[in-house]
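Work through these exercises with the structure at hand. Try each task before reading its solution.

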Amino acid sequence: MACMPAGCRRSEPVSGGTGGDMGFAMKEQASTPSATTETVHRFYGTERVRYGASFGEMLANETARDGASRIFVVTAPEIVPSASFDQLKAVLGSRFCGFFSDIPPHVPIESVLAGVAAAREAGAQLMVTLGGGSAIDATKLISLCLAQGIGDMSGFEAYAHLAQFDPSHRPAENVDWIRSIAVPTTLSAAEFTWFAGVTDPAVGMKRVVGHPLLIPRAVLYDPRLTLGVPLPVFLASGIKAVDHAAEKIASLAAQPFSDAMSKEALRMLAHALPRVAADPKDLPARLTCQLAAWLSIAGGMSGVRNGASHAIGHMLGPHASVPHGLTSCTVLASVMRWNRPVNHERQAVISAALGRKGVDAGDAIEDLVSGLRLPTRLRDIGVPRAELTEIARKTMEDSLVCSNPRKISTAQDVLEILEMAY
C-alpha cells in the first residue's frame, strides 16, 4: 500500500507554511534554514502556562480571569477519590457544576458522547481537566462535540482533515466554544496540541481530529499532582516526551526553533527521569520533567512533524490496549535504527542531547528506557507476534508515516520496524 492515500490526507497536522513534508538535503541536516523556501512558525492558542505555586492558587488565579460561573471538571476515574480532586472542588466552590470521569485509555467514542451529555446537562461554561493525556483529549473532543453538534463517529469526519486548519488562527464562528484549562498529571504534552485522538471500537483504530480552539487556554503545572500517578506510568509518559523531541530532531525537515526546544527537552529528561526513578518524591525533578514535556512538543509550531514511532503508537495503542508511553518505550529505538541509513547525522544530535555522544541514538534511547526499568520490546508488553501484520496495515492509515525520514512505501516497511521492536 503506497504512502500517499488515505492516511496522508486524513490527518495531516499543518503547523508550518510548508507542513511537515518539507525535507532538506543531507548537507542541510543541521537545521540550516533555506533562503528560498518559506517556513511559517505559528503560535497556537495557549494563552498562559503557570508553574511554581500550588495548583489551587494557580487555578484560583486562572479561573478568576474568565468569569465563568459554571465550571465542569473532566478527570481520570482514579483521581475522583483523591485529595487533589477535593481541593479542586473547594477552589471552584459554587462554580463547580459537575464532573465526568468515565474515560478509558485511548478515548473511545462512547466515552466522549457520555461526557458531552454530562457537560451539556451541567450547563458548562468552562472546563478544567485534571489528569493525563486521555483526560485532556477527552476534554478537547467534548468541546468539539458541544460546539459543532457532533453525535456519532461520522460527525468527526469534517475535522479529521487537519490540513484545512491553521492552528494559529481563531475562526470567526457564530459558535460559543467552551475552552478548557489543563492541569496535567503525566508527561503526555497533550495540553499543548490542538488536536485529539478518538478511538472507533468498531474497527479498533484511533482517528485524529482537530480545530484551533481545542487547545487548552491555559496549562497549570504542579509536580505534587503527579505523585498519585503510578511511578512506571509517569516514567513511561516521560519516554513519550522523549519520543516527541527525538523524532523532531531526527526529521529531515528540522528547523532551528524545533531543534533548540527538542535538544533542551532531551537534556532535561535524560537528567530528571532517572532522578525521579531513584527518588519518586523528588519534586524539583518532576517539575523539570513537566517543563521538558512542554519543550518536547513545541517544535511542532515550526512545522516539524513526527514520524513512524508516533504513527505506530497511534494504531498499536488501541489495537493492543497499550498505553502510549509504552508504545514509545518499545518502538522508538527500533524506528531510529530503521531510519539510521538516511538521517545518521541528525541522530547524532539526539545522542549528544541525551548525554551519550558517539552512541547510536537507538542504543542511547533503549539504555534510557531500560535504566528506568521500563519494557523495551513489544513482547515484553504482551503484544502477540501474530498481530504485527495487522498493526502494520493499520499504521499505513496514519499520516505520520509520510513524514518519516526514511520513506515508508508499504506495510511491509512498517512490519520490518515492528519485527525489530519485537
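**Exercise 1. Classify two loop residues with positive phi.**

Task: Decide whether Ser321 is buried or exposed, and do the same for His106.

Solution. The model is predicted. Start with Ser321.

- Step 1. The relative accessible area of Ser321 is 62%. The cut-off for exposed is over 50%. Ser321 is therefore exposed.
- Step 2. Locate Ser321. It sits in the loop that links helix H9 (308-320) to helix H10 (324-353).
- Step 3. Check the backbone. Ser321 is not a glycine, yet its phi is positive, about 55°. Most residues other than glycine have a negative phi.
- Step 4. Turn to His106. Its phi is also positive, near 70°, and it too is a residue other than glycine.
- Step 5. His106 belongs to the loop between strand S3 (96-100) and helix H4 (109-122).
- Step 6. The relative accessible area of His106 is 7%. Buried means under 20%, so His106 is buried.

**Exercise 2. Place Arg179.**

Task: Which loop holds Arg179, and is the residue buried or exposed?

Solution.

- Step 1. Arg179 lies in the loop between helix H5 (133-148) and S5.
- Step 2. Its relative accessible area is 12%. With the buried cut-off at under 20%, Arg179 counts as buried.
- Step 3. Relate Arg179 to Ala76. The two are 103 residues apart along the chain, and their C-alpha atoms are separated by 19 Å.

**Exercise 3. Describe strand S4 and its partners.**

Task: How many residues of S4 are buried, and which strands does S4 pair with?

Solution.

- Step 1. S4 covers residues 126-131, and six of its six residues are buried.
- Step 2. Sort the residues by direction. Leu126, Val128 and Leu130 point one way. Met127, Thr129 and Gly131 point the other way. Both sets are buried.
- Step 3. Compare with the general pattern. In a regular strand the side chains alternate between the two faces of the sheet.
- Step 4. Take one partner. Strand S2 (residues 71-75) and S4 run parallel and are joined by five bridges. Within this pairing, Thr75 has Leu130 as its bridge partner in S4.
- Step 5. Take the other partner. S4 and strand S5 (residues 180-184) also run parallel, with five bridges between them. Here Met127 stands opposite Ser180.

**Exercise 4. Characterise the second largest pocket.**

Task: What lines the second largest pocket, and which element supplies the largest share?

Solution.

- Step 1. The volume of the pocket is about 260 Å³.
- Step 2. The lining has 15 residues. Thr46, Phe192, Trp294, Ala298 and Met301 lie nearest the centre.
- Step 3. Sort the lining by type: twelve nonpolar, two polar and one charged.
- Step 4. Assign elements. Strand S1 (48-51), helix H7 (256-278) and helix H8 (283-298) each give at least two lining residues. H8 supplies the largest share, four residues.
- Step 5. Assign domains. Domain 1 (48-224) and domain 2 (230-421) each contribute at least three residues to the lining.

**Exercise 5. Test the overall fold for compactness.**

Task: Which radius of gyration does the protein have, and what would a compact globule have?

Solution.

- Step 1. The protein has 422 residues, so a compact globule would have a radius of gyration near 22 Å.
- Step 2. The protein has 20 Å, which agrees.
- Step 3. Add the extents. The C-alpha trace spans about 60 × 50 × 45 Å along its principal axes.
- Step 4. Add burial. Buried residues account for 59% of the 422 residues.
- Step 5. Add the inventory. The protein contains 13 helices and eight strands.

Methods
Residues numbered from 1 in each chain as written. Predicted model: local features only at pLDDT ≥ 70, side-chain atom pairs only at ≥ 80, totals over all residues. Heavy atoms only, no water. 1 Å grid on protein atoms, 1.4 Å probe; cavity = no way out; pocket = protein on both sides within 12 Å on 5 of 7 lines; lining within 4 Å. Points joined across faces, edges and corners; volume = space filled by probe spheres on them. Nonpolar A, V, L, I, M, F, W, Y, C, P; charged D, E, K, R; others polar. Domains from an automatic or database assignment. Buried < 20%, exposed > 50% of the residue type's maximum accessible area, 1.4 Å probe, protein only. Pairing = 2+ DSSP bridges. Rg over C-alpha atoms; globule rule 2.2 N^0.38 Å.
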